[in-house]
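Please take a moment to look over the chain shown here before reading on. The paragraphs that follow go from the whole chain to its interior and then to single residues.

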Amino acid sequence: MNSEKFKTGWIGLGKMGNPMSKQILKAGFPLRVYNRSSNKIKALETEGATSAKTIKELVEKTDVIFIMISNDEAVTEIFNQENGIFTAEVKDKIFINASTISPDLSIQLSEELKNKNSYYLDAPVSGSVKQAEEATLVSIVGGEKEIFEKVKSLLEAYSKKAILVGKNGVGNSAKLAVNTYLGILTQGLAEIIQFSRTKNVETEDLMEILNNSALGSTFGKIKGEAAIKENYNAAFTLEHLTKDLRLAQNSGFNHPVGNATYKSFSSAEKELGAEDVIAIIKKLGA
């Protein structure tokens with residue numbers, strides 16, 4: 001396959017899938033999309049995408065298929081459901097799963113697809129909606145180097161960097177490490193903001209100190225500003241981060257700070273799950 005002629009498919013047009021798939025279109029690749037709710041498909045059709053009525057149809061009419069779905073259960077369903085991926089002819093096709101799922105599921109899917117003479121990359125991304133809209137995500141990839149190199153131009157349509165980190169499943173493991181760190185940073189920032197408030201330190205002053213010190217970071221600036229404004233509209237939902245922390249735990253993560261972070265987010269998930277991750281500050285008292 002010549003990457004310039006790839007016919008691409010995209011399954012899942014949620015908060016991340018929608019802007020990421022748009023970058024594929026902007027890069028000049030023909031794109032066919034599938035999503036359970038049709039309103040998101042119609043918006044992409046106006047930008048040049050073609051819709052598919054079923055996943056099977058999408059797979060059979062494309063060369064490279066992206067998947068951006070919320071969790072293990074949803075990914076398993078699109079492979080195994082009626083008119084799902086495994087009901088289609090998949091020989092020689094490349095599947096790029098950008099979803100954050102368990103490493104074990106990625107390994108299982110890669111083996112099943114290999115038995116059907118097709119290819120699989122786990123390629124979750126680091127970054128949120130803003131980075132997806134700006135094509136500055138980081139793609140964290142597990143799989144065969146030859147396949148990675150073949151589709152790298154597609155990954156770079158929405159990524160400032162695409163990094164091959166190992167075999168299938170290793171991409172997901174690396175992403176779980178990254179998001180565990182994200183959870184620890186979020187919990188830590190929320191805690192020091194709450195502590196400073198009890199000592200009559202204005203949050204604006206605290207964040208000015210941090211942002212002008214060696215501890216300053218883009219993440220800190222964004223989430224500090226959100227805490228100041230009490231803006232908890234989700235860029236990355238608390239429930240999705242909790243899911244990723246849970247996956248890390250299930251994959252063998254067992255260290256004090258990460259474990260405590262998972263416990264904190266788990267306790268907030270039911271109440272605050274639809275809000276942004278920094279909403280964890282609400283669980284820390286007045």
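Among contacts in the protein chain between residues at least 6 apart in sequence, what percentage join residues at least 24 apart? In this predicted model, the share is 66%. The chain that makes these contacts is built from 12 helices and 9 strands. Its radius of gyration is 20 Å, close to the 19 Å that the globule rule gives for 286 residues, so the chain is as compact as a globular protein of that length. Along its principal axes, the C-alpha trace spans about 65 × 40 × 35 Å.

The division between inside and outside can be followed next. Of the 286 residues in the protein chain, 49% are buried, while the area that the chain exposes comes to about 13,900 Å², with carbon and sulfur atoms supplying 49% of that area. The charged side chains number 35 positive and 35 negative, and the centres of these two sets lie 2 Å apart.

The interior is the next stop. In soluble globular proteins, nonpolar side chains tend to be buried together. Here the largest nonpolar core has 34 residues, of which Trp-10, Met-20 and Leu-155 touch the most other members. Several elements each supply at least two residues of this core, among them helix H1 (17–26), strand E2 (31–34), strand E4 (64–67), strand E5 (94–97) and strand E8 (137–142). The largest share, 5 residues, comes from H7. A second, separate core has 23 residues, including Ile-67, Val-90, Leu-109 and Leu-113.

Which residues does Leu-155 touch, not counting residues up to four places away in sequence? They are Phe-66, Ile-96, Ala-123, Ser-139, Val-141, Phe-148 and Ala-162. Phe-66, one of these partners, lies in strand E4, and at 0% relative accessibility it counts as buried. Leaving aside its neighbours within four places in sequence, Phe-66 is in contact with Gly-9, Trp-10, Ile-11, Ile-24, Ile-96, Leu-154, Leu-155 and Tyr-158. The C-alpha atoms of Phe-66 and Gly-12 are separated by 8.5 Å, although the two residues are 54 residues apart along the chain.

Thr-8, found in strand E1 (residues 8–11), offers another view of the interior. With a relative accessibility of 1%, Thr-8 counts as buried, and, not counting residues up to four places away in sequence, it touches Ile-24, Phe-29, Pro-30, Leu-31, Arg-32, Thr-62, Val-64 and Leu-154. Two of the names in that list, Ile-24 and Leu-154, also appear among the contacts of Phe-66. For a sense of distance across the model, the C-alpha atoms of Thr-8 and Asn-231, which are 223 residues apart along the chain, are separated by 36 Å.

Is Asn-35, a residue of the loop between E2 and H2, buried or exposed? Its relative accessible area is 14%, and because buried means under 20%, Asn-35 is buried. Beyond its neighbours within four places in sequence, Asn-35 is in contact with Gly-12, Leu-13, Lys-40 and Ile-41. Asn-35 and Asn-211, by contrast, are 40 Å apart in space, C-alpha to C-alpha, and 176 residues apart in sequence.

Later in the chain, Ser-264 is found in helix H12 (residues 256–272). At 15% relative accessibility, Ser-264 counts as buried, and, once its neighbours within four places in sequence are left aside, its contacts are with Gln-187 and Ile-280.

Two loop residues deserve a look for their backbone angles. Most residues other than glycine have a negative phi. Asn-200, however, has a positive phi of about 65° although it is not a glycine, and it is found in the loop between helix H8 (170–198) and helix H9 (203–211). Glu-230, also not a glycine, has a positive phi near 50°, and it lies in the loop between helix H10 (218–229) and helix H11 (238–250). Asn-200 counts as exposed at 72% relative accessibility, and Glu-230 is exposed as well, with a relative accessible area of 56%.

Methods: Residues numbered from 1 in each chain as written. Predicted model: local features only at pLDDT ≥ 70, side-chain atom pairs only at ≥ 80, totals over all residues. Heavy atoms only, no water. Helix = DSSP H or I, 4+ residues; strand = E, 2+ residues; numbered from the N terminus. Rg over C-alpha atoms; globule rule 2.2 N^0.38 Å. Buried < 20%, exposed > 50% of the residue type's maximum accessible area, 1.4 Å probe, protein only. Contact = heavy atoms within 4.5 Å. Areas by Shrake-Rupley, 256 points an atom, 1.4 Å probe, with all protein chains shown as cover. Lys, Arg positive; Asp, Glu negative; His and termini not counted. Charge placed at Lys NZ, Arg CZ, Asp CG, Glu CD. Core = buried A, V, L, I, M, F, W, Y, C linked by side-chain atoms within 4.5 Å.
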